[in-house]
Every structure is written in C-alpha cells, then in structure tokens.
Amino acid sequence: MSHTILRGGLVLDVGAGTAEPADILIEGDMIRELGPPGCPAPEGAAEVSAARRLLHPGLVNAHTHGHGNLAKGMGDCWTLELLLAAAPWITGNRSTEDKYLSTQLGAVEMVLKGCTACYDLSFEWPLPTAEGLAQAAQAYADVGMRAVVAPMVADRSFYEAIPGLLDALPPPLQERVTELRLPPAEVTLPAIRAALRGWSSDRERVRPAVAPTIPHHCSDAFISGCAELAREFDVGLHSHVAESKVQAVTGVRVYGHTQTAHLDTLGVLGPHFTVAHGVWLDEDDLARLGDKGASVAHNPGSNMRLGSGLADARAMLERRVNLGIGTDGANCADNQNMYEAMRLASFVSKVQGPDWWRWLSTREAALAATEGGARALGFAGKIGRIAPGYKADIVMLDLDHPNWLPFNDPVNQLVHCEDGTAVASVMIGGRLVVDNRRVITVDLARLRDRVAAARERLAIANAESRRLYEALEPVVGSHCPGLARTPYHIHRHGARLE
Ligand SMILES: [Zn+2]
C-alpha cells in the first residue's frame with residue numbers, strides 16, 4: 001500500500017471551528033492518521049509540503065447538471081419555466097462525445113474551485129442510454145473526481161406537465177411541441193435498468209442514481225418505477241421538488257396537495273431521497289422529509305438567478321432535514337463554484353428576517369457543503385471530513401493569498417472570504433488532481449479546442465430550436481408567471497391555494 005504524508009499544514013475541523021497544525025498520513029486513498037507536526041512516517045512515504053496551507057475537506061456539490069456546462073451563459077432573464085422551454089435549443093443535438101465534454105468541463109471547473117464530489121443529474125434526449133451515462137462517469141473518472149451520476153428522466157413533456165400551457169399555444173406551436181413528447185415509462189424504465197445493471201465504474205468513485213426530474217413531469221407509475229429501481233440497485237433518488245412557485249401551485253392543482261405529500265403517498269421518501277431546491281416546501285413537507293431522513297440540496301445561486309425564491313435552510317435544519325448545498329447546472333447558475341454557493345447559502349438565510357439567531361451560520365453552511373452533501377450522495381462517513389478512515393479528499397488553500405490575510409477565523413473566512421482563487425492544490429482519494437493551481441489530470445488545451453468545436457457545431461444544429469424557443473417565449477413567459485401569481489400560502493399544516 002502506498003503512503004503519502006502531508007506535512008506542515010493547518011487542518012480544518014469544520015464542526016469544531018478550529019484549524020490546528022497536523023501532518024496527515026494517507027494510506028492508499030484513505031486518511032490513516034493525523035499526527036503532530038514532524039511525526040514519523042512509514043519508510044518510502046511520499047512527502048508533500050503543505051506549509052502555509054489551510055487543509056479543508058473537499059467540498060461536495062449536492063446538485064448539478066453535467067450537460068449544463070456547454071450551455072453556460074446562454075440565457076439571462078429566464079425563469080425556471082423559460083429555461084425548460086429553452087432546453088431543446090441549449091442542450092439539443094448532443095452527441096455522446098458532447099456528453100463527455102460537457103461533463104468533463106464542469107468537473108475541471110469544480111476541482112479548480114475546491115470541490116471534490118458532486119451529484120450530477122444528467123440529461124439525454126429522448127431517454128438515457130448506458131453509453132451516455134458511462135461517458136459521463138468516464139469524464140469524472142478521467143478528471144479524478146468523485147460523483148453520483150443520475151439519469152434525469154420524465155415521461156411527460158414540459159408542455160404536458162404545466163396546466164393550461166398547451167391550450168395557450170397557437171395551433172402551429174402546439175404541433176411543434178408535440179415533437180417534444182417523451183417516450184413512455186415502458187421504454188425509459190428498462191433503459192435505466194440496463195444502465196444500472198451494466199454500471200462498470202468503481203462505485204467508490206462514480207456511482208449511479210435515478211432522478212425523476214420533477215414530480216408532475218412524471219406519471220405516478222413512472223415515479224414508482226424509478227423508486228423501485230433505486231431500491232433494487234441500492235442507489236439514490238433525486239428530484240426537483242417545490243423549486244419554483246409554478247411548480248408548487250401546479251403540485252397542489254394536479255395532486256390536491258403538495259408535491260412532497262404526494263411523493264410520500266407513493267412511498268418514495270427515505271434516507272436515499274434528495275429534494276433539489278425545496279424553496280416552496282411547507283412545514284408538513286419539511287416534517288415528512290426530516291422524519292424520513294431525506295436530504296435537501298439547497299441551491300441559493302440558481303434560486304436567485306431563476307427568480308425561484310429564497311429557500312429557508314433554518315426551517316430545514318429545525319425539521320432535521322439533512323442539508324446539502326449545490327451550484328445547480330451551469331445552464332442556470334452559471335458557474336460551478338461551491339465557495340460561492342456556501343457564501344450565498346449564508347447570505348440568503350440572513351435576508352429572511354431580523355431574527356439573527358435563526359440565520360444560517362458559516363459553520364452550518366460549511367457543514368452542509370461537506371458532511372451534509374456527503375450524506376446526500378450516499379458517502380456519509382467516507383467523505384466530508386479530514387479524519388482517520390475518511391477518503392483523502394483534501395483541498396489546500398494558500399494562506400498567503402489576500403483572502404486569508406489576516407487570518408482571523410478559519411470557518412468564517414472559508415465561507416465568506418474564499419472564492420476559489422486561493423485554491424493551490426486538490427487531492428482526491430490520495431491523488432493530486434490540482435497542483436500549483438493547475439489541473440494535472442486532463443489536457444486543458446485539448447479540452448478547450450474540443451469545447452470550441454462542439455459549440456460551433458451545436459449552434460448550427462440547434463438554430464431551428466432557438467427559433468422555436470423565440471416563438472414560445474412570449475406564451476410561456478406570460479402563461480407561467482400567471483400561474484405564479486396564484487395566491488399560495490405556506491401554512492403550518494399544508495400549503496393551499498386561494
Ligand atoms: Zn437542477
């Protein structure tokens with residue numbers, strides 16, 4: 001077994017709020033022990049200097065979309081619903097190679113910004129393939145990053161899922177959007193099963209999950225089928241729930257109660273289940289999620305960018321919901337910076353009321369971005385801390401960088417000062433992935449050229465879809481805000497419409 005010792009750094013313990021000098025002995029991909037500075041190491045151990053470095057556990061991105069990275073910056077004033085209408089334009093005509101490229105681009109950005117693991121809801125039109133998912137997994141493996149890759153699936157199109165939207169479209173557009181229909185459950189569920197059964201990546205590095213994208217975009221049979229697959233293959237289940245007000249209102253219209261209450265009646269809530277966003281969860285929803293040991297991936301940047309609202313992380317913690325933090329996809333956030341996501345999680349909590357004792361602390365934000373995310377990804381007790389028995393996923397920050405001058409408090413500065421620019425090196429599973437501020441596992445120049453070529457080809461291939469979006473925008477852009485203006489009250493016992 002190979003040994004490495006990281007010498008001379010300050011090791012951050014997020015829970016304790018301390019950064020103490022310690023040398024870290026790594027055996028294989030795991031932290032063996034933390035010793036006093038200068039402690040003896042096994043013969044032949046490779047020594048890595050961590051002098052003037054703060055060592056923090058790799059950040060865990062609890063919600064992103066690998067396919068989004070080729071679409072960064074393509075939109076501005078988009079609600080979630082306009083983003084969904086733009087999907088054929090910004091993510092259409094993707095080849096398997098594009099899937100690899102887009103995913104790898106995001107992985108490179110994440111590791112450069114101190115993130116070592118992510119939960120990726122990965123989309124393929126019209127349905128997931130084992131090959132496409134294997135390419136996404138390979139993209140993470142080639143960068144050296146840990147990931148959960150979940151095919152993002154549905155059996156209803158956006159136009160079928162939003163009440164009244166199809167009828168609001170003029171007949172020619174109605175005809176166009178029927179082409180966007182998705183295959184039925186009988187086709188998509190076996191495709192997911194085949195991908196799960198044939199999963200060949202090391203599950204300690206890249207594991208699969210299942211992501212029925214938005215509850216009312218899926219028939220009940222489809223959601224139950226996804227949940228059964230997750231159970232059968234012992235993998236996670238992840239869905240966008242109560243993200244936008246349109247979703248919240250639609251949930252109550254379609255189900256007669258909230259999306260979360262509906263998922264509960266279908267029996268899909270549990271420790272393996274992650275809600276993405278949860279901006280419009282009511283107290284009953286939170287209690288259901290907390291009682292079942294479920295997680296919320298809180299994406300404050302995306303929630304502001306799409307005008308979805310401000311999620312109440314304090315209420316989640318009070319109900320014992322496991323809290324993770326995510327960036328969301330680059331097609332709606334638009335960067336993949338977990339330092340920014342942590343910082344926004346802290347800030348978004350602080351604008352919600354004058355009761356400062358209910359605000360999310362930097363310690364809580366940093367715990368959510370490490371241990372909370374680890375639990376959501378199914379890696380609890382394996383990643384998210386620098387401690388014996390944990391994987392050696394370690395970020396080394398340059399304490400001579402202005403972000404850390406002067407050095408007053410490790411956790412406050414990690415969440416409120418750090419922006420990724422002080423990341424000097426990143427180790428994942430004992431292997432250096434970023435060294436001296438450069439990704440050393442992939443050829444960035446080659447990635448750049450391939451991304452540029454893909455962009456050019458996709459702009460031409462998706463020109464017609466772009467025109468379709470431009471025709472749809474006025475209708476979607478007035479119908480959905482109309483739904484969002486429905487009075488909707490979040491009550492202690494169940495949301496209701498007036
Ligand atoms: Zn998402």
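This section describes a helix, backbone features, electrostatic pairs and a surface patch in a predicted model.

Helix H18 spans residues 463-484 and comprises 22 residues. The distance from its first C-alpha to its last is 30 Å, close to the 32 Å expected at 1.5 Å a residue. The helix H18 carries a kink of about 45° at Leu-472, shortly before the proline Pro-474. Leu-472 is also one of the buried residues of H18, a set that further includes Leu-468, Tyr-469, Val-475, Val-476, Cys-480 and Leu-483. An α-helix has 3.6 residues a turn, so residues three or four places apart point the same way. Cover for the buried residues of H18 comes from elements including helix H1 (80-91), helix H4 (158-161), helix H5 (165-168), helix H6 (171-178) and helix H9 (245-255).

Helix H2 contains Gln-104, a residue that counts as buried because its relative accessibility is 4%, under the 20% limit. Apart from neighbours within four places in sequence, the contacts of Gln-104 are Ala-139, Asp-142, Val-143, Val-442 and Leu-447.

Two cis peptide bonds may be described together with their settings. One joins Ala-333 and Asp-334, with omega about -10°; Asp-334 is placed in the loop between strand S13 (322-325) and helix H14 (338-350). Another joins Leu-405 and Pro-406, with omega about -5°, and Pro-406 belongs to the loop between strand S14 (394-398) and helix H16 (410-416).

Positive phi values occur in residues other than glycine. For Asn-93, phi is near 55°, and this residue occupies the loop between H1 and helix H2 (96-112). For Arg-320, phi is near 65°; the residue is situated in the loop between H13 and S13. Arg-320 is classed as exposed because its relative accessible area is 54%, over the 50% limit.

The loop between strand S1 (3-13) and strand S2 (18-27) holds Gly-15, which counts as partly exposed at 28% relative accessibility. Leaving aside neighbours within four places in sequence, Gly-15 makes contact with Arg-363 and Leu-367. Between Gly-15 and Arg-288, 273 residues apart along the chain, the C-alpha separation is 26 Å.

The structure contains 29 salt bridges. In one of them, the side chains of Lys-391 and Glu-204 meet at 3.6 Å, N to O. This pair links distant parts of the chain, 187 residues apart: Lys-391 lies in the loop between helix H15 (362-376) and S14, and Glu-204 in the loop between helix H7 (185-197) and strand S9 (206-212). Lys-391 counts as buried, since its relative accessibility is 8%, whereas Glu-204 is partly exposed, with a relative accessible area of 25%.

A further salt bridge brings together the side chains of Lys-292 and Asp-264 at 2.8 Å, N to O. Here too the pair links distant parts of the chain, with Lys-292 in the loop between helix H11 (283-291) and strand S12 (295-298), Asp-264 in helix H10 (residues 259-265), and their positions 28 residues apart in sequence. Lys-292 counts as partly exposed at 35% relative accessibility, while Asp-264, at 17%, counts as buried.

Arg-448 and Asp-449 also form a salt bridge through their side chains, at 3.3 Å, N to O. Arg-448 is exposed, with a relative accessible area of 54%, and Asp-449 is partly exposed, with a relative accessible area of 45%. Salt bridges that share partners also join Asp-29, Glu-204, Arg-207, Lys-382 and Lys-391 into one network.

At the surface, Met-304, Leu-310 and Val-351 make a nonpolar patch of about 270 Å². Leu-310 is located in the loop between helix H12 (300-305) and helix H13 (313-318). The relative accessibility of Leu-310 is 38%, and the residue therefore counts as partly exposed.

Terms used. Residues numbered from 1 in each chain as written. Predicted model: local features only at pLDDT ≥ 70, side-chain atom pairs only at ≥ 80, totals over all residues. Heavy atoms only, no water. Patch = residues over 30% accessible without salt bridge, like charges linked within 9 Å, V, L, I, M, F, W, Y side chains within 5 Å. Areas by Shrake-Rupley, 256 points an atom, 1.4 Å probe, with all protein chains shown as cover. Salt bridge = Lys/Arg side-chain N within 4 Å of Asp/Glu carboxyl O. Helix = DSSP H or I, 4+ residues; strand = E, 2+ residues; numbered from the N terminus. Buried < 20%, exposed > 50% of the residue type's maximum accessible area, 1.4 Å probe, protein only. Expected span 1.5 Å × (residues − 1). Bend = angle between axes of the 7 residues up to and from the residue. Contact = heavy atoms within 4.5 Å.
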